[in-house]
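Reader: Hello! Could you take me on a close look at one part of this model, the aromatic contacts in its interior, and show me how they sit within the rest of the fold?

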Amino acid sequence: MSSRSHTGATKVANPPPVANVFLKLLPITLAVFVSFLTIGLPLPVLPLHVSSTLGMSTLVVGVVIGAQFAAALLSRAWAGNLSDTRGAKRSVVTGFLVASASGVAYLASLAFVSSPAASVGVLLLGRVLLGCGESLIVTGSLSWGIGLVGPQNAGKVMAWNGMAMYGAYAVGAPMGIAIQGGYGFAGISVAAVVLPLLALALIANVRATAPTAVRRTPFYKVLGMVWHPGLGLALCSVGFGVITAFIALLFASRDWGNASLAFTAFGLAFIAARIFFGHLSDKLGGASVALVCVLIEAVGQLLIWGAQSPTVAYAGAALTGFGYSLAFPGFGVEAVRRAPPQSRGLAMGAYVAFLDIALGITGPVLGAVAGAWHIEAVYLAGAVAVALSALVALQLLISAPKGGHHA
């Protein structure tokens with residue numbers, strides 16, 4: 001597998017220039033952005049479609065939203081091993097095709113609107129397909145990016161990938177509202193079919209990297225190496241989860257109007273943090289960056305919890321986005337440092353699996369909380385979970401593996 005993958009052995013004297021890293025990652029970043037619009041478009045629309053059109057409870061809304069994350073979780077090990085043994089590009093291409101199939105299921109669910117339970121069943125199939133597609137895309141694109149620009153740029157790869165993902169949420173939410181207004185849920189479904197195929201065209205000519213592993217590595221082994229940073233990611237992801245699942249319902253319950261602006265505030269703050277501070281995890285070490293950022297995120301959650309006006313809720317969403325933005329690569333750099341190079345795809349899959357666990361649990365559990373108390377209670381729960389991730393970051397800081405950080 002050549003010495004290229006072991007940059008540590010021959011201490012890198014001249015790492016690739018920043019512009020070169022950017023250009024190598026650009027087509028993958030754009031493709032991830034376009035494909036993730038498939039997830040972003042339904043975010044403000046789906047909870048209202050399930051609760052209003054189909055007449056279901058907040059618990060069912062939580063299950064429908066959470067199903068995507070549960071499916072992503074269950075497919076991470078498969079996606080990681082596919083990326084390591086068959087090549088990261090193969091993983092990404094397969095992901096785009098599976099994500100496109102989710103739109104077909106959304107369209108099919110509209111045939112059963114007169115029997116809501118059946119419609120929800122078909123919708124769930126679409127969410128499961130989307131979760132599997134997302135898993136293949138994220139795991140493959142992270143591994144592919146690190147393969148193209150080297151592990152010393154792992155933080156940048158995660159920063160750009162994340163920017164594409166959450167940028168798609170920011171742009172996708174208002175686009176989703178607009179498409180829903182003009183063409184209904186059918187319009188959202190058609191877009192979900194087309195967008196991943198567009199993404200496929202963007203990466204068609206990008207060089208594939210060679211598979212890094214000859215045989216499958218057991219998932220539990222890699223999970224054991226990255227569980228500590230993964231736990232930090234899981235806890236701080238609850239803040240993101242309560243915004244995706246419940247902000248539309250919070251705004252509807254208070255007659256505040258346009259909830260899509262909350263997604264936009266979250267996404268823009270997320271992107272701004274990545275553009276201006278995305279390099280800090282590689283430079284200062286992931287744990288110290290994560291520590292500061294999760295505290296900012298917790299403040300954002302508390303603002304939404306106490307908000308008496310939409311403006312304060314938007315500010316809370318923006319702070320949540322800003323803090324969460326840098327916590328993700330912060331904990332991620334710690335995960336990469338703990339995993340062997342030949343299992344990098346699997347390590348990325350294992351790490352991101354903690355995000356899925358958090359989001360898969362957040363929907364149904366906090367949906368029940370919202371039903372028992374008031375909808376804003378989920379943001380107090382979010383603030384507590386995010387604050388706990390600060391303790392994990394602190395622990396990582398104290399128990400940093402010897403050998404320093406990536407330069």
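Author: Gladly; what follows goes from the overall fold to the ring pairs, then to the helices and a few single residues.

Please keep in mind that this is a predicted model. The protein has 13 helices and zero strands, so to speak an α-only list of elements from the N terminus on. Its C-alpha trace spans about 65 × 40 × 35 Å along the principal axes. For 407 residues, a compact globule would have a radius of gyration near 22 Å, and the 20 Å found for the protein agrees with that. Buried residues account for 57% of the 407. If you take the contacts between residues at least 6 apart in sequence, 87% of them join residues at least 24 apart.

Now to the rings. How many aromatic pairs does a search of the whole structure find? There are ten. Two of them are described here, and a pair of aromatic rings is described by the distance of the centres and the angle of the planes.

Start with Tyr 106 and Phe 185. Their ring centres are 5.8 Å apart and their planes meet at 40 degrees, so this pair is tilted. Tyr 106 belongs to helix H4 (residues 88-109) and Phe 185 to helix H6 (residues 154-203), so the pair ties together parts that are 79 residues apart in sequence. Both Tyr 106 and Phe 185 are buried.

The pair of Phe 240 and Tyr 324 has another geometry: with centres 5.6 Å apart and planes at 10 degrees, these rings count as stacked, because planes under 30 degrees apart fall in that class. This pair, too, links distant parts of the chain, with Phe 240 in helix H7 (residues 219-253) and Tyr 324 in helix H11 (residues 310-337), 84 residues apart. Phe 240 and Tyr 324 are both buried. Ring pairs also join Phe 240 and Tyr 324 with Phe 266 and Phe 270 into a cluster.

Tyr 324 deserves a longer stop. Not counting residues up to four places away in sequence, Tyr 324 touches Tyr 166, Leu 233, Cys 236, Ser 237, Phe 240, Phe 266, Phe 270, Glu 297 and Leu 355. The three phenylalanines in that list, Phe 240, Phe 266 and Phe 270, are its partners in the ring cluster. Tyr 324 also has a place in the largest nonpolar core, which holds 115 residues. Which members of this core touch the most other members? They are Phe 36, Tyr 166, Phe 246, Ile 247, Tyr 324, Phe 331 and Tyr 379. H7 gives the most to this core, with 18 residues.

The helix that carries Tyr 324 is H11. H11 has 28 residues and reaches 41 Å from its first C-alpha to its last, close to the 40 Å expected at 1.5 Å a residue. Of those 28 residues, 20 are buried, so H11 is largely enclosed by the rest of the structure.

Leu 355, one of the contacts of Tyr 324, falls within helix H12 (residues 344-372). At 1.5 Å a residue the 29 residues of H12 should span 42 Å, and its end C-alpha atoms are indeed 42 Å apart. H12 nevertheless has a kink of about 35 degrees at Thr 362, shortly before the proline Pro 364. H12 is mostly covered, with 22 of its 29 residues buried.

Small residues have their place in the interior as well. Gly 140, in helix H5 (residues 116-149), counts as buried at 0% relative accessibility. Leaving aside neighbours within four places in sequence, Gly 140 is in contact with Ser 83, Ala 88, Ser 91 and Val 92. Gly 140 and Gly 349 are 209 residues apart in sequence, yet their C-alpha atoms are 8.6 Å apart in space.

Ser 260 lies in helix H8 (residues 260-277) and counts as buried at 2% relative accessibility. Beyond its neighbours within four places in sequence, Ser 260 is in contact with Ala 173, Pro 174 and Ile 177.

Is Asp 255 buried or exposed? With a relative accessible area of 73%, Asp 255 is exposed. Asp 255 sits in the loop between H7 and H8, and its phi is near 55 degrees, a positive value in a residue other than glycine.

Definitions and conventions:
Residues are numbered from 1 along each chain as its sequence is written. This is a predicted model: local features need pLDDT of at least 70, side-chain atom pairs count only at pLDDT 80 or more; totals for chains, interfaces and linings use all residues. Side-chain values use heavy atoms; hydrogens and water are left out. Helices (H or I, at least four residues) and strands (E, at least two) are DSSP runs, numbered from the N terminus. The expected span of a helix is 1.5 Å times one less than its number of residues. The bend at a residue is the angle between axes fitted to the seven residues ending there and the seven starting there. Buried means under 20% relative accessible area, exposed over 50%, partly exposed in between (1.4 Å probe, protein chains only). Rings of Phe, Tyr and Trp (its six-membered ring) pair if their centres lie within 6.5 Å; planes under 30 degrees apart count as stacked, over 60 as edge-to-face and the rest as tilted. A nonpolar core is a set of buried Ala, Val, Leu, Ile, Met, Phe, Trp, Tyr and Cys residues joined through side-chain atoms within 4.5 Å. Contact means heavy atoms within 4.5 Å. The radius of gyration is taken over C-alpha atoms; the globule rule is 2.2 Å times the number of residues to the power 0.38.
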